[in-house]
2 protein chains.
Amino acid sequence: MAREDEAGLLVQVGGKRCAQCPLVPYERLSQPSPELRRWIAAFRQGEMRYDRGEVVFTQGSRPRQLYTVLSGILMRSRLLEDGRRQIINFMFPGDFIGLQSAVDSEMSHEVEAVTSATLCVFARERFFELVASQPQLSFDLTWLAAHEESALEEHIVSLGQRNARERLAALAVFLVQRAIDTRLAPDGVLAITITQGQIADMLGLSLVHTNRTLQALRRLQLVDWTLTSIGIPDMAAARQFAGIDGVASARPRPYI
Amino acid sequence: MAREDEAGLLVQVGGKRCAQCPLVPYERLSQPSPELRRWIAAFRQGEMRYDRGEVVFTQGSRPRQLYTVLSGILMRSRLLEDGRRQIINFMFPGDFIGLQSAVDSEMSHEVEAVTSATLCVFARERFFELVASQPQLSFDLTWLAAHEESALEEHIVSLGQRNARERLAALAVFLVQRAIDTRLAPDGVLAITITQGQIADMLGLSLVHTNRTLQALRRLQLVDWTLTSIGIPDMAAARQFAGIDGVASARPRPYI
DNA sequence: CGTCTTTTTGAACGTTCTCAAGGGATGTGG
DNA sequence: CCACATCCCTTGAGAACGTTCAAAAAGACG
């Protein structure tokens with residue numbers, strides 16, 4: 001069921017053209033210049049499609065591709081030798097995948113699709129060329145890296161300082177907010193299939209305790225989280241409960 | 001006692017010349033080309049020196065400078081409204097400070113000196129210019145961002161999956177290893193003053209439990225951690241105990 | 001309809017937290 | 001040089017939070 005890690009096999013060159021890139025209509029993304037779009041079109045290898053559960057690349061591998069999420073949601077997680085796993089973060093449309101492989105080191109994590117997803121594929125070898133010729137692109141890459149770092153910080157704060165209820169609420173807020181920002185939840189409800197086992201692996205809790213905590217939050221009417229969707233009846237109340245400062249990024253996400 | 005956040009006040013332009021940059025002799029850093037060094041010399045504003053406990057910039061600020069660590073160790077931490085704080089990571093010579101301010105957003109954390117430290121100061125406004133003219137530099141920046149991300153991942157794994165003893169051991173290994181890599185602990189002992197309260201804030205543990213866990217590790221002869229230094233009698237045993245896979249980065253750290 | 005996955009519940013146990021107090025080291029001013 | 005303040009470390013004890021083991025119920029899927 002797992003897809004090949006190696007290049008080429010599933011690349012569908014000449015799928016949708018860049019002219020119909022699904023990211024461009026996102027008004028919250030900064031629009032690339034026509035010239036930048038020509039460059040990107042020339043560099044991209046094609047698109048790949050993954051179904052829920054399929055692995056994009058494994059921990060320890062050195063993929064020859066870099067990816068941008070065109071649609072869908074993915075997650076990256078780190079596996080321990082004894083079988084435990086820690087989910088690091090989720091990835092949404094516009095996110096860049098493979099920062100580490102861009103600089104030629106082993107991936108410290110694996111990436112797998114959470115919903116069906118399409119990725120835009122670039123050749124790793126041409127990364128330097130791309131960055132050298134398009135300084136706007138390296139600036140955007142820095143932007144994405146800085147914001148990813150900020151997201152990981154927030155996760156660290158959750159794991160280090162928040163109790164189980166606060167962690168659950170913070171995760172729900174984070175996911176729904178990102179979904180709203182990327183137009184995946186126009187009505188404030190995110191359709192995504194996440195098992196309680198996955199939540200537990202994200203938040204560093206046991207499955208049993210995750211279940212009980214989730215029930216408690218449901219009883220408090222703070223989150224409406226089922227196997228297939230996440231809803232937050234009162235976003236302000238949920239943020240307050242989780243202890244999240246209302247910091248929204250002013251600048252629109254860049255387009256890569 | 002806290003230093004001004006504003007530009008200029010404490011900048012010592014014309015301190016040590018770049019020709020004597022303390023980072024260059026590190027054989028584990030990739031050496032910059034003569035041309036790159038000329039560029040860097042032209043862009044840098046000067047050096048700043050901080051003593052233990054002094055704050056480089058605060059959470060929520062928008063510093064007009066970017067920094068590279070020339071010597072010393074710093075930490076960045078995120079403060080919650082109720083006074084709790086979570087230490088995110090430590091920074092060592094060669095690290096870049098201010099990725100977020102490079103792309104013009106608010107800093108999500110504060111940075112403070114843990115030992116006395118000197119930083120190399122650059123103007124934020126000229127960041128784009130620098131990246132555009134020196135593609136090698138944006139590549140190096142990407143390298144640093146990717147490795148910082150990896151370090152944060154490891155921290156997330158600690159907080160999510162490891163118990164108190166394992167966390168303590170993992171942190172000791174991480175700090176000593178980074179110190180060895182940056183030549184701050186030639187004999188394998190790192191001279192750094194870290195209180196148990198700071199350890200607790202890094203690992204998401206209470207001060208009391210941190211203290212008891214530290215004693216347990218001392219009894220097990222796994223770490224030799226006092227207020228002013230960290231030693232690891234048997235590195236392999238400590239790594240094993242903490243559950244750290246022995247992954248060393250092949251490529252030398254870049255020089256920025 | 002049967003199988004597999006996911007959720008739910010109970011109960012005992014263990015880790016970690018909180019509260020409270022004392023002790024040691026260092027520094028400062030009288 | 002002593003008295004006092006401050007900062008950090010240490011110890012005890014009860015309570016809270018979260019884990020583990022075990023089993024059953026509820027959904028999802030072919």
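Student: Which phosphate oxygen contact does the side chain of A:H209 make with DNA strand D, and at what distance?

Tutor: An N or O atom in the side chain of A:H209 is 3.1 Å from a phosphate oxygen of DNA strand D. A polar contact is a pair of N or O atoms within 3.5 Å; within protein, one must be able to donate a hydrogen and the other to accept it, and residues adjacent in sequence count only if both atoms are side-chain atoms.

Student: How should the model and its numbering be read?

Tutor: This is a predicted model, in which local features need pLDDT of at least 70 and side-chain atom pairs count only at pLDDT 80 or more, while totals for chains, interfaces and linings use all residues. Residues are numbered from 1 along each chain as its sequence is written, chains are lettered from A and ligands numbered from 1 in the order in which they are written, and side-chain values use heavy atoms, with hydrogens and water left out.

Student: Which other residues have polar contacts with phosphate oxygens of DNA strand D?

Tutor: A polar backbone atom of A:A164 is 3.1 Å from a phosphate oxygen of this strand. For B:Q215, an N or O atom of the side chain is 2.6 Å from a phosphate oxygen of DNA strand D.

Student: How many residues surround DNA strand D?

Tutor: A residue is near a molecule or strand if one of its heavy atoms lies within 4 Å of it. Here 16 residues surround DNA strand D, and the closest are A:S206, B:Q196, B:N211, B:R212 and B:Q215. Of the strand's atoms within 4 Å of the protein, 63% belong to sugar or phosphate, and the rest to bases.

Student: Which helix supplies the largest share of that surface?

Tutor: Helices (H or I, at least four residues) and strands (E, at least two) are DSSP runs, numbered from the N terminus. The largest share of the surface near DNA strand D, 5 residues, comes from α7(B). Both α7 (207-219) of chain A and α7 (207-219) of chain B supply at least two residues each.

Student: What classes of residue form the surface near DNA strand D?

Tutor: Ala, Val, Leu, Ile, Met, Phe, Trp, Tyr, Cys and Pro count as nonpolar, Asp, Glu, Lys and Arg as charged, and the others, Gly among them, as polar. This surface has 5 nonpolar, 8 polar and 3 charged residues.

Student: Which residues come nearest to DNA strand C?

Tutor: Among the 17 residues around DNA strand C, the nearest are A:Q196, A:N211, A:R212, A:Q215 and B:S206. The side chain of A:R212 has an N or O atom 2.4 Å from a base nitrogen of DNA strand C. A phosphate oxygen of DNA strand C lies 3.2 Å from a polar side-chain atom of A:R218, and one is 3.1 Å from an N or O atom in the side chain of B:H209. The helix α7(A) gives the most to this surface, with 6 residues.

Student: How is the packing of two helices described?

Tutor: Two packed helices are described by the angle between their axes and by the distance between the axes. In chain A, helix α5 (residues 164-181) and helix α6 (residues 196-203) pack at about 105°, with their axes 11 Å apart. Axes are lines fitted to C-alpha atoms, for helices over the stretch in contact, and angles run from 0 to 180 degrees between N-to-C directions. The helices α5(A) and α6(A) are therefore roughly perpendicular to each other (65 to 115 degrees). In contact (heavy atoms within 4.5 Å) are A:R167, A:L168 and A:L171 of α5(A) with A:I199, A:M202 and A:L203 of α6(A).

Notes:
Parallel < 35°, antiparallel > 145°, perpendicular 65-115°, else oblique.
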